[in-house]
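Work through these exercises with the sequence and the model side by side. Try each task before reading its solution.

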Amino acid sequence: STPLGYGGGASLLDGTLIMVDSWLYGNTAEMGAAISARSGTSAELREDKLLSVQRCLVEENYAMSSGGGMMIERLYAVLIDNAIVNNIAEYLGGGIYGEHATMSLLACNVSENSCRSNGGGLIANHGDCYLLVNGTLFAGNRAEENGGSIYVTSGTECYLKEVLNVHSVAGIQGGGIYMAGATQMQGVVVESATAGLYGGGVSLSGQHGHRLEDVVVSNCLCQ
């Protein structure tokens, strides 16, 4: 593993990477400590540029900047039944950093990740993103600024369904979830999350509409 650059464990530049039943442990990079997947030739999303990760364990990786577990930029990404745990980013996205990407997380466990800025578990950054999270656990993630588990910037569309978010912490706002993009939540539970200033459980902002249906926020604290 290299301490600089992209992808301490694995790096994809254009094309497609399919990873199944693999273990990415203890890797270090500036961006995307375990996996860096980027499009280097076009700003447009294309179907032939895909990251697919299934039944993998991504743990104890360290990013000197962003994406303690993974960095996903200008690609389609499908993550199914993975454990992304105990990763650290010095800046954004302790578990997953996404930028201008379309990302689907299905039946994953994103837990005990941390970062010094936004998105302890996951960040969808710089707009033009689409994020779908279904049947996924976020537990014990920490961001020193905003979005203890999930941070979504303005310009991103986000749909959370059947998500359990517990024991996450943000230093400023959105102990569990911070949303500035257009948001739909259905069947989401946020429990025992803490924020320093705004929204112990959930913090919503921006010019976009937010729809919450069958959502439970309990035992959260804003201190």
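**Exercise 1: a shared arginine**

Arg-116 is partly exposed, with a relative accessible area of 45%. The model is a predicted one.

Task: find which residues form salt bridges with Arg-116, and give the N to O distances.

Solution.
- Step 1. Start with Glu-90. Its side chain meets that of Arg-116 in a salt bridge, at 2.4 Å from N to O.
- Step 2. Place this pair. Arg-116 sits in the loop between β16 (114–115) and β17 (122–125), and Glu-90 in the loop between β12 (88–89) and β13 (96–99). The two are 26 residues apart, so distant parts of the chain are linked.
- Step 3. Check the cover on Glu-90. Its relative accessible area is 25%, and this residue is partly exposed.
- Step 4. Turn to Glu-144. Its salt bridge with Arg-116 has the closest N and O atoms 3.5 Å apart.
- Step 5. Place Glu-144. It lies in the loop between β20 (142–143) and β21 (150–152), while Arg-116 is in the loop between β16 and β17, so the pair ties together parts 28 residues apart in sequence.
- Step 6. Classify Glu-144. It counts as partly exposed, at 46% relative accessibility.
- Step 7. Join the results. Glu-90, Arg-116 and Glu-144 form one network through salt bridges that share partners.

**Exercise 2: another ion pair**

Task: state how many salt bridges the model has in total. Then describe the one between Arg-55 and Asp-21.

Solution.
- Step 1. The count is five salt bridges.
- Step 2. In the pair asked for, the side chains of Arg-55 and Asp-21 meet at 2.7 Å, N to O.
- Step 3. Arg-55 is in the loop between β6 (50–54) and β7 (57–59), and Asp-21 in the loop between β2 (16–20) and β3 (23–25), so this salt bridge ties together parts 34 residues apart in sequence.
- Step 4. Compare each value with the cut-off: exposed means over 50% relative accessible area. Asp-21 has 51% and is exposed. Arg-55 has 39% and is partly exposed.

**Exercise 3: strand partners**

Task: trace the pairing from β14 through β18 to β22, and say in which sense the strands run.

Solution.
- Step 1. β14 (residues 102–106) pairs with β18 (residues 130–134) over five bridges, in the parallel sense.
- Step 2. Fix the register. Leu-106 stands opposite Asn-134 in β18.
- Step 3. Move on. β18 also pairs with β22 (residues 157–161), in the parallel sense and over five bridges.
- Step 4. Fix this register too. Leu-131 has Cys-158 in β22 as its bridge partner.

Task: give the strand order of the open sheet of eight strands, and its edges.

Solution.
- Step 1. The order is β4-β8-β12-β16-β20-β24-β28-β32, with parallel pairing.
- Step 2. The edge strands are β4 (28–31) and β32 (221–222), each paired on one side only.
- Step 3. Look at the β32 edge. Two bridges join it to β28 (residues 194–195), and the two strands run parallel. Ala-195 stands opposite Cys-222 in β32.

**Exercise 4: core and surface**

Task: name the residues with the most contacts inside the largest nonpolar core, then list what Leu-160 touches beyond its neighbours within four places in sequence.

Solution.
- Step 1. This core has 40 residues, and Leu-131 and Leu-160 have the most contacts inside it.
- Step 2. With those neighbours left aside, Leu-160 contacts Val-133, Ile-150, Ile-177, Met-179, Gln-184, Met-185, Gln-186 and Val-188.
- Step 3. Keep the other core apart. A second, separate core has eight residues, including Met-31, Leu-92, Tyr-151 and Tyr-178.

Task: which residues make the nonpolar surface patch of about 240 Å²?

Solution.
- Step 1. Tyr-62, Met-64 and Ile-88 make this patch.
- Step 2. Take Met-64 as the example. It is in strand β8 (residues 62–66). Its relative accessible area is 39%, which makes it partly exposed.

**Exercise 5: positive phi**

Task: describe the setting of Asp-81 and of Ala-107, residues other than glycine with a positive phi.

Solution.
- Step 1. Recall the background. Most residues other than glycine have a negative phi.
- Step 2. Asp-81 has phi near 55°. It is in the loop between β10 (76–80) and β11 (83–85). At 42% relative accessibility, Asp-81 is partly exposed.
- Step 3. Ala-107 has phi of about 55°. It is in the loop between β14 and β15 (109–111). At 41% relative accessibility, Ala-107 is partly exposed.

Definitions and conventions: Residues are numbered from 1 along each chain as its sequence is written. This is a predicted model: local features need pLDDT of at least 70, side-chain atom pairs count only at pLDDT 80 or more; totals for chains, interfaces and linings use all residues. Side-chain values use heavy atoms; hydrogens and water are left out. A nonpolar core is a set of buried Ala, Val, Leu, Ile, Met, Phe, Trp, Tyr and Cys residues joined through side-chain atoms within 4.5 Å. Buried means under 20% relative accessible area, exposed over 50%, partly exposed in between (1.4 Å probe, protein chains only). Contact means heavy atoms within 4.5 Å. Two strands pair if DSSP finds at least two bridges between them. Helices (H or I, at least four residues) and strands (E, at least two) are DSSP runs, numbered from the N terminus. Patches are made of residues with over 30% relative accessible area and no salt bridge: like charges are joined within 9 Å, nonpolar side chains (Val, Leu, Ile, Met, Phe, Trp, Tyr) within 5 Å. Accessible areas come from the Shrake-Rupley method with a 1.4 Å probe; for residues, only the protein chains shown count as cover. A salt bridge is a side-chain nitrogen of Lys or Arg within 4 Å of a carboxyl oxygen of Asp or Glu.
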